[in-house]
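The following points are offered as a colleague's note on the model shown here. They take up two loop residues, a sheet and a pocket in turn.

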Amino acid sequence: MTLSTTQSPPSRIARRTSGQTHGPITRLMSPSDFGHLLKPFVFLDLFDNDGKPFTGFGLHPHSGIATLTHIAEGNISYEDTNGAKGLLPARGLEWMRAGAGVWHGGGAGEPGRTRGFQLWIALPPEQELGPSESIYQAPEIIPRDGPVRVLLGSYGTATSAIKAPSPINYLALQLEAGERWRYQPPAEHTVLWAAVGMGSVLVPDELRQGELAAFNSTSAAIEFKAQTAAEFVVGSAVPHGYDLVLGSHSVHTTAEALQEAEARIATIQARLLQQGRL
């Protein structure tokens with residue numbers, strides 16, 4: 001007699017982490033660990049003040065990278081040296097391509113819980129010393145296809161109006177318990193990861209709130225099943241084939257590019273000091 005057995009699908013997870021938490025911020029990815037594995041994605045922070053007051057971050061510099069901040073709940077204030085200032089609401093996003101140097105900051109908005117993700121993306125050589133760009137999108141502007149909100153790149157019928165620095169998809173999802181979603185990355189997107197902001201999903205391994213998973217290097221499809229009501233983000237990309245040269249607030253491809261950008265940052269700092277903004 002032959003006994004039939006049901007085998008679970010093989011795991012697609014190469015590495016996983018719960019990061020390091022300091023106050024309301026959990027750093028899930030940095031260049032010294034998952035960022036090196038998943039570049040052009042180099043930093044990922046999950047923030048959640050749990051309803052407690054927080055001061056946020058004053059004006060600080062970046063160069064060589066782009067940051068994308070997505071608010072899942074609550075709101076934050078923002079300002080930058082490109083002249084923008086305002087309040088970013090729930091489901092809105094901030095896109096900041098730093099180029100050769102920019103200063104920006106964010107802090108508490110209205111009282112209450114504020115949570116979301118901030119992602120840093122390494123820029124290719126032709127953009128790392130280019131002009132800075134800041135874009136702030138209200139929730140109704142962000143394109144969507146079913147449960148997917150396209151923060152960067154495209155999915156299905158939805159395409160972001162933000163021009164990505166390289167071939168990248170960055171998607172935010174909400175699924176109810178028991179719902180499934182299947183993601184087929186573009187053929188050349190062999191970098192793939194997911195991070196859970198709330199609830200838990202099966203991939204088929206369980207990923208819980210506050211976890212990031214880096215998947216094996218392949219563009220094969222992957223299915224997500226929500227165990228509970230869940231919110232998570234998914235990133236896929238063509239690999240960034242350059243070194244990561246780090247400054248205190250910057251990521252560049254060469255030491256020479258970093259040095260040039262640091263000079264630009266210092267020039268902006270002198271102006272901010274003169275204006276009394278620092």
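1. Gly-247 sits in the loop that links β25 (245-246) to β26 (251-252). The model is a predicted one, and the values in this note should be read accordingly. Gly-247 has a relative accessibility of 24% and therefore counts as partly exposed, since that class lies between the limits of 20% for buried and 50% for exposed.

2. Which residues does Gly-247 contact, once its neighbours within four places in sequence are left aside? They are Leu-258 and Glu-262. A further spatial relation concerns Ala-261, which is 14 residues from Gly-247 along the chain; the C-alpha atoms of the two are separated by 9.7 Å.

3. A second loop residue, Pro-89, is located between β8 (85-88) and β9. Its relative accessibility of 33% places Pro-89 in the partly exposed class. With neighbours within four places in sequence set aside, Pro-89 is in contact with Ile-71, Gly-74, Asn-75 and Pro-139. Thr-114 lies 25 residues from Pro-89 in sequence, and the C-alpha to C-alpha separation of this pair is 9.8 Å.

4. The strand that follows this loop, β9 (residues 93-97), runs antiparallel to β12 and is joined to it by 5 bridges. Within this pairing, Met-96 has Ser-134 of β12 as its bridge partner.

5. Both strands belong to an open sheet of 7 strands with antiparallel pairing, ordered β2-β3-β4-β11-β6-β9-β12. At the edges are β2 and β12 (133-137), each of which pairs on one side only. On average, neighbouring strands of this sheet are turned by 15° against each other, direction ignored.

6. The largest pocket encloses about 710 Å³ of space. Its lining comprises 33 residues, and those nearest the centre are Ile-25, Asp-45, Phe-57, His-60 and Gln-118. By class, the lining residues divide into 10 nonpolar, 19 polar and 4 charged.

7. Which strands each supply at least two residues of the lining of the largest pocket? Among them are β2 (20-22), β3 (25-29), β4 (41-48) and β11 (115-122), strands that also appear in the order of the open sheet. The others are β5 (57-62), β7 (76-80) and β10 (102-108).

Methods. Residues numbered from 1 in each chain as written. Predicted model: local features only at pLDDT ≥ 70, side-chain atom pairs only at ≥ 80, totals over all residues. Heavy atoms only, no water. 1 Å grid on protein atoms, 1.4 Å probe; cavity = no way out; pocket = protein on both sides within 12 Å on 5 of 7 lines; lining within 4 Å. Points joined across faces, edges and corners; volume = space filled by probe spheres on them. Helix = DSSP H or I, 4+ residues; strand = E, 2+ residues; numbered from the N terminus. Nonpolar A, V, L, I, M, F, W, Y, C, P; charged D, E, K, R; others polar. Pairing = 2+ DSSP bridges. Axes fitted to C-alpha atoms, helices over the stretch in contact; angles between N-to-C directions. Buried < 20%, exposed > 50% of the residue type's maximum accessible area, 1.4 Å probe, protein only. Contact = heavy atoms within 4.5 Å.
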